[in-house]
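I set out to look up the metal site first, then the surroundings of the other ligand, and then a few backbone details. These are my notes, in the order in which I made them.

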Amino acid sequence: MQLYNTLTRAKENFTPLDAKNVRMYVCGPTVYDFAHLGNARPVVVFDTLYRILKSHYPKVTYVRNITDVDDKIMAKAKETGEPIDSITTRTTKAYHDDMAALLALPPDIEPRATAHIPHMLTLIARLIEKGHAYAVEGHVLFNVPSMPNYGELSRRSRDELIAGARVEVAPYKKDAADFVLWKPSAPDQAGWDSPYGRGRPGWHIECSAMAKEHLGETFDIHGGGLDLIFPHHENEIAQSRCAHNDAPLAKLWMHNGFLTIHNDKMSKSLGNFFTVRDLLSIAPGEALRLALLTAHYRQPLDFSEDALRKAKQTLDGWYGALRNVKDISVDKTIPVPANFLAVMDDDLNTPQAFAILHDLASQLNKTPDSKTKSAFMNAANLIGFLTQDAEGWLRGSSAGSMDEAKILALIAARKEAKAAKNFAEADRIRKELLDGGIILEDKAHETLWRRT
Ligand code: AMP
Ligand code: ZN
């Protein structure tokens, strides 16, 4: 398998550190609000990687954290009066439900930052002891000049580092690029006792501590969105390497490109976002998943309702091909076609994989046999598609449109009209159904239907 490594800026052969247990860490959500579709892109991308890795190796340990202590969460609690615990529990539940609707498998371990404060404090103490961090005025800061090779991931110059980090220029800092490991909390703010006073962790130290606790000092793959390369991942590397005798944090760093709207990054601050929750009320999760994987994961992906409609139509076509051969059984032992595996192993080339699924669907429409159907289903299932019942998919939910009893009654009436050679009436009924959003497909012995 070949994967692009942000650290080396090249595609590399993937060789796990331990072939019996591939270990990967992906930065998870800060839980204070519903996830938007941009936040869902890394989830779906790394879920796809997880599925492919699981098909190659006996065990994959996938860790994705929950950031449940953060200034944005505290601000929300202050603004709404809702207790922090209630915000984070409620939002975590919504996140789980939304990501499950996108057919993303849950990670093996989902550590919460607030359950790892002692681990963070241990790491901070070690960094101070080794001369990489210092405590001052209730803060602990990482001293950037103490690490000669700081900046290897983002490859930024020192000036760019300082400007890009947008860190506070505080008088107590030894260097403008120094970043926070621990900061003081006011009495009415969330905080934990520590040798530096009551306070809370900085964001970067959370991931270094949780990754170490659940995956060890060095693991295989670390992932997240492009915006995390700097400063978040750069700082994770600095903290972990300096605390762990320069052991690399991850061998391979992977970053998904941005989901955009009219070419602007979808983000909360720009206000140009759709929540996954809202989109799920207009389209099935599987269509959103397909839309999120239509571009290669490293490329930007512009989202529109039209793109979502196309994704839904593609799935209608694929499920339609399956329904046409509903009496043919699927053999789970028929291997996934080699060309499909090859493109997925080539740095997760999902656009190519979908082209192959298209070909398989057309082949199935022409040659309805068990081998073709099985190859098609097994390939699609591998990356989280076509896992539903075809009939159920095509008939969809009746919310707001014609109910099933009425549809079946009209189909029966049309059949009678045809038998009586009253073709005008049969056509009128077909039109009535079409106006109600129902498409008919006449087969040799029956009439199939689906919602538009
Ligand atoms: P955040 O909650 O902002 O830390 O984001 C959670 C994850 O979503 C991170 O991996 C981000 O890189 C990623 N992310 C946020 N916005 C976008 C976007 N518009 N496109 C792709 N990934 C994004
Ligand atoms: Zn992280």
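Entry 1, the metal site. I began with the spacing of the donors of the zinc ion (ligand 2), which runs C-x179-C-x24-H-x3-E along the chain; donors here are N, O and S atoms within 2.8 Å of the metal (3.2 Å for Na, K and Ca), and sites may look incomplete because water is not among the atoms. I noted that Cys 27 sits in the loop between strand S3 (22-26) and H1 while His 232 is in helix H7 (residues 229-243), so the pair ties together parts that are 205 residues apart in sequence. Helices (H or I, at least four residues) and strands (E, at least two) are DSSP runs, numbered from the N terminus.

This is a predicted model, in which local features need pLDDT of at least 70 and side-chain atom pairs count only at pLDDT 80 or more, whereas totals for chains, interfaces and linings use all residues. Residues are numbered from 1 along each chain as its sequence is written, chains are lettered from A and ligands numbered from 1 in the order in which they are written, and side-chain values use heavy atoms, with hydrogens and water left out.

Which atoms are the protein donors of the zinc ion (ligand 2)? I found Cys 27 (SG), Cys 207 (SG), His 232 (NE2) and Glu 236 (OE), at 2.0 to 2.4 Å from the ion. The four donor atoms subtend angles of 77 to 130°, which makes the arrangement irregular, since four donors count as tetrahedral if all angles lie between 85 and 135 degrees, four count as square planar and six as octahedral if opposite donors are over 155 degrees apart and all others between 65 and 115, and anything else is irregular. Cys 27 counts as buried at 13% relative accessibility, and His 232 also counts as buried, at 0%; buried means under 20% relative accessible area, exposed over 50%, and partly exposed in between (1.4 Å probe, protein chains only).

Entry 2, a cis bond. I looked up the peptide bond that joins Phe 230 and Pro 231, and it is cis, with omega about 0°; Pro 231 has its place in helix H7.

Entry 3, ligand 1. Of the 14 residues around ligand 1, those that come nearest are Gly 38, Gly 225, Asp 227, Leu 259 and Met 266, a residue being near if one of its heavy atoms lies within 4 Å. Helix H1 (37-56) and strand S9 (219-225) each supply at least two residues of this shell, and H1 gives the most, with three. I listed the polar atoms next: a backbone N or O atom of Gly 38 lies 3.1 Å from a nitrogen atom of ligand 1, and a polar side-chain atom of Asn 256 lies 3.3 Å from a nitrogen atom of the ligand.

Asn 256 belongs to strand S10 (residues 250-256) and is buried, with a relative accessible area of 3%.

Entry 4, positive phi. Asp 347, although not a glycine, has a positive phi of about 50°; it is found in the loop between helix H11 (338-345) and helix H12 (350-366) and counts as buried at 1% relative accessibility. Lys 421 has a phi near 60° and lies in the loop between helix H15 (404-419) and helix H16 (423-435), but Lys 421 is exposed, with a relative accessible area of 61%.

Conventions: Polar contact = N/O pair within 3.5 Å; in protein donor to acceptor, adjacent residues only side chain to side chain.
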